[in-house]
Amino acid sequence: MSSGQDTPVIHLLDPSTVNQIAAGEVVERPSSVVKELVENAIDAGAGSVRIDLLASEGKITGIRIIDDGCGMSPQDAALAFVPHATSKISGIEDLDTIRTLGFRGEALASIAAVANVTLTTKPRDSGIVAGTRIVISGGVVTEHGEVGAPEGTTILVEDIFFNTPARKKFLKSINTELAQIHTIMEGICFSHPQISFRLFYNNHEQMMTDRSTRPLDTIARLFGADTVKNLFPVESEFPFMTISGYISQPSLSRKDMARMLVVINGRFISSSVINGAVRSGYGTLLAKDRSPVAFLSLTIDTALVDVNVHPTKKLVRLSREKEIAEAIRKSVSEALLRQDLIPAAEASSQSTVLPPATAEKPAAYTYPVADAVVRGVSESTHTGTIDSDLRLRQTELPTGIPVLPSKLPAIEVIGEFGGIYILGRTESGELVIIDQHAAHERILYEQVQLRLNAEHQSQELIWPVILHRTPKEVSILKDLIPALSEEGFVLEEFGGDTFIVRAIPVVLGRMEDTGIIDEIISDLVSDATTGSANNRERITRVIACRGAIKAGTVCSREQCRRIIHQLRLTNNPFTCPHGRPTIIRFSRADLDAMFKRT
Ligand code: ADP
Ligand code: MG
């Protein structure tokens with residue numbers, strides 16, 4: 001404190017200021033009001049809850065929640081607005097076994113401190129004839145009396161933040177607020193399928209669920225039948241937790257994690273650790289920047305879940321968080337492995353319709369059209385055949401490894417298309433198209449991952465390759481050297497900005513073109529700056545990508561067979577390590593639909 005100023009004097013804040021400060025933690029914005037009031041209705045044992053949002057001139061003017069829950073006696077109705085008054089716990093020890101959503105006794109007091117609230121309530125099956133009506137404004141009760149009312153509770157909240165202008169000024173646009181309310185309601189509906197919810201905006205219905213014992217009904221109501229079609233169940237049990245719910249086919253993914261709904265012990269929560277665990281269960285089935293859709297309900301020993309972390313109760317603290325995350329990752333990954341994940345062709349997609357013959361060829365259509373004719377395999381004399389033969393032979397799977405039943409059906413090669421795709425026919429008569437580069441990438445990736453040829457995974461270069469790097473890249477590369485050498489690179493610092501590469505992994509094949517080594521190292525270094533995967537994972541992906549036969553290499557029928565054979569031996573034949581599909585199928589029905597033969 002600078003001299004010349006008075007020594008500050010400590011004094012206690014008056015209760016109304018205390019309430020307003022505390023209210024700020026619970027009621028951050030209008031959507032928090034919806035969340036707290038709906039949670040109260042759920043705790044009151046409601047079978048149906050109606051939410052009305054009233055708005056005019058781009059602002060939410062009122063929020064009304066009607067429930068058919070247990071209601072309140074006249075005495076309790078008044079007490080409910082007192083800070084820290086709750087019927088849900090009596091002491092801190094109750095938190096270890098808490099089953100209700102609320103327990104802090106703060107929400108009604110906080111809401112009433114910053115808005116005008118009208119409560120109407122009548123207890124269920126109590127013989128009390130009249131209901132109670134309380135009006136409270138900025139924390140002050142202005143009306144308290146009897147009123148005719150149905151059983152249950154109705155709360156109307158108006159003029160939110162009328163007495164806290166600073167907060168009011170920072171309110172987001174109404175659309176942001178409505179979106180937030182939708183997100184909250186999605187979570188609440190999913191976590192309470194046994195309750196029917198209806199959300200109205202100025203009397204227009206926005207969202208509704210019916211009570212149901214099947215979570216898929218609720219998910220379908222919220223996100224549509226198309227989402228449900230692409231989900232499959234996850235169920236697993238661990239000593240401290242059970243997991244049940246649904247996760248999406250990799251083809252149904254999103255840029256953000258907004259459609260990963262996680263419920264712990266009936267409470268909709270947000271946890272980046274759990275989201276991350278679900279995501280990592282997909283591994284390379286999804287591209288780096290994609291997230292799955294998931295609806296998971298976890299039942300965890302309540303002693304391991306601390307719900308008392310944040311006033312909004314949206315965050316929880318988990319004991320044994322690492323074990324929980326690992327269990328989730330494992331369950332997701334095993335559930336995925338049990339699935340048939342070959343994406344079906346999109347029958348309605350316009351992009352599958354060829355342009356009329358007169359239309360100009362689009363500029364992007366550059367691959368060799370001559371090869372593109374489906375006329376059996378072009379038994380090519382392409383010089384590339386020898387090179388790709390080498391690459392394919394190097395990746396032959398060693399014998400003696402127990403072969404599990406393949407996740408892909410047997411596929412007979414029909415032909416090759418454009419040096420990019422292999423066309424095939426399955427046992428059941430479906431047409432499949434395989435991306436040969438993506439497929440080979442997957443094969444290499446799994447081989448490197450398994451470190452199959454541990455002893456001979458390195459091959460010496462006849463002419464060592466010298467690499468020059470910028471200072472920033474030098475430090476990244478130095479860090480990578482141990483991981484690189486484990487995968488078969490022999491790389492030494494040569495002083496200053498120079499490195500020398502003496503050997504490379506066998507799976508990369510004969511590297512006549514040493515420029516490619518430079519590219520591999522560049523890939524690794526640039527990926528390390530953005531990367532999320534660990535070093536080994538990154539190196540494995542780059543090796544797989546650079547080692548795989550290139551698009552544009554025309555493969556012979558025998559080579560196509562070999563790729564399919566090896567792909568069928570992989571653990572996850574459905575996507576390349578970057579999450580792109582390796583194979584797409586067209587059933588007769590799909591094709592008929594595209595040709596409008598139905
Ligand atoms: P908490 O939910 O943490 O107990 P609140 O301030 O949200 O705190 O609510 C205070 C109390 O008011 C609750 O414990 C409950 O007894 C009562 N109450 C609130 N809303 C309802 C409702 N919709 N139906 C019945 N009782 C309610
Ligand atoms: Mg509450």
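Is T121 buried or exposed? At 1% relative accessibility, T121 counts as buried. The points below begin with the overall fold of this predicted model and then return to T121 and to other selected sites.

1. **The chain as a whole.** The structure under review is a predicted model, and its protein chain is built with 17 helices and 24 strands. The chain has 598 residues, of which 47% count as buried. The chain exposes about 30100 Å², and carbon and sulfur atoms supply 54% of that area. Contacts that link distant parts of the sequence are well represented: among contacts between residues at least 6 apart in sequence, 70% join residues at least 24 apart.

2. **The setting of T121.** T121 belongs to strand β3, which covers residues 116–122. Its relative accessibility of 1% places T121 among the buried residues, because buried means under 20% relative accessible area. T121 and E151 are separated by 30 residues in sequence, yet their C-alpha atoms are 6.8 Å apart in space.

3. **The contacts of T121.** When neighbours within four places in sequence are set aside, T121 is in contact with G71, M72, A77, G131, T132, G152 and T153. Two of these partners also take part in polar contacts with the T121 side chain. The side chain reaches the backbone nitrogen of M72 at 2.9 Å. A polar atom of the T121 side chain also lies 3.3 Å from the backbone oxygen of G152.

4. **A second threonine, T570.** Where does T570 lie? T570 is placed in the loop between α16 (557–569) and β24 (583–586). Although it is in a loop, T570 is buried, with a relative accessible area of 9%. A polar atom of the T570 side chain lies 2.6 Å from the backbone oxygen of L567. Beyond the neighbours within four places in sequence, T570 is in contact with R442, I443 and E446.

5. **A leucine in a helix.** L524 is part of helix α14, which runs over residues 515–530. L524 is buried, with a relative accessible area of 1%. Not counting residues up to four places away in sequence, L524 touches L480, L484, R538, I539 and V542. L524 and N535 are eleven residues apart in sequence, and the distance between their C-alpha atoms is 8.8 Å.

6. **The surroundings of ligand 1.** Which residues come nearest to ligand 1? There are 19 residues around ligand 1, and N40, T86, S87, K88 and G105 come nearest. The shell is of mixed character, with eight nonpolar, seven polar and four charged residues.

7. **Polar contacts of ligand 1.** A nitrogen atom of ligand 1 lies 2.9 Å from a polar side-chain atom of D67. An oxygen atom of ligand 1 is 2.5 Å from a polar side-chain atom of T86. For R104, a polar backbone atom is 3.0 Å from an oxygen atom of the ligand. Taken alone, ligand 1 exposes 530 Å², and the protein buries 93% of that area.

8. **Cysteines.** How many disulfides are counted? The count comes to zero. A disulfide is a covalent bond between the sulfur atoms of two cysteines. In the case of C555, the closest cysteine sulfur is that of C560, at 5.2 Å, which is too far for a bond, because the cut-off for a disulfide is 2.5 Å. C555 counts as buried, at 0% relative accessibility, whereas C70 is partly exposed, with a relative accessible area of 36%.

9. **Two residues with positive phi.** Most residues other than glycine have a negative phi. E57 is an exception to note, with a positive phi near 50°. E57 is found in the loop between β1 (48–56) and β2 (59–67), and it is exposed, with a relative accessible area of 78%. N203 also has a positive phi, of about 75°, although it is not a glycine. The place of N203 is in the loop between β7 (196–201) and β8 (204–209), and at 56% relative accessibility N203 counts as exposed.

How values were computed. Residues numbered from 1 in each chain as written. Chains lettered and ligands numbered in written order. Predicted model: local features only at pLDDT ≥ 70, side-chain atom pairs only at ≥ 80, totals over all residues. Heavy atoms only, no water. Near = heavy atom within 4 Å. Polar contact = N/O pair within 3.5 Å; in protein donor to acceptor, adjacent residues only side chain to side chain. Areas by Shrake-Rupley, 256 points an atom, 1.4 Å probe, with all protein chains shown as cover. Nonpolar A, V, L, I, M, F, W, Y, C, P; charged D, E, K, R; others polar. Buried < 20%, exposed > 50% of the residue type's maximum accessible area, 1.4 Å probe, protein only. Helix = DSSP H or I, 4+ residues; strand = E, 2+ residues; numbered from the N terminus. Contact = heavy atoms within 4.5 Å.
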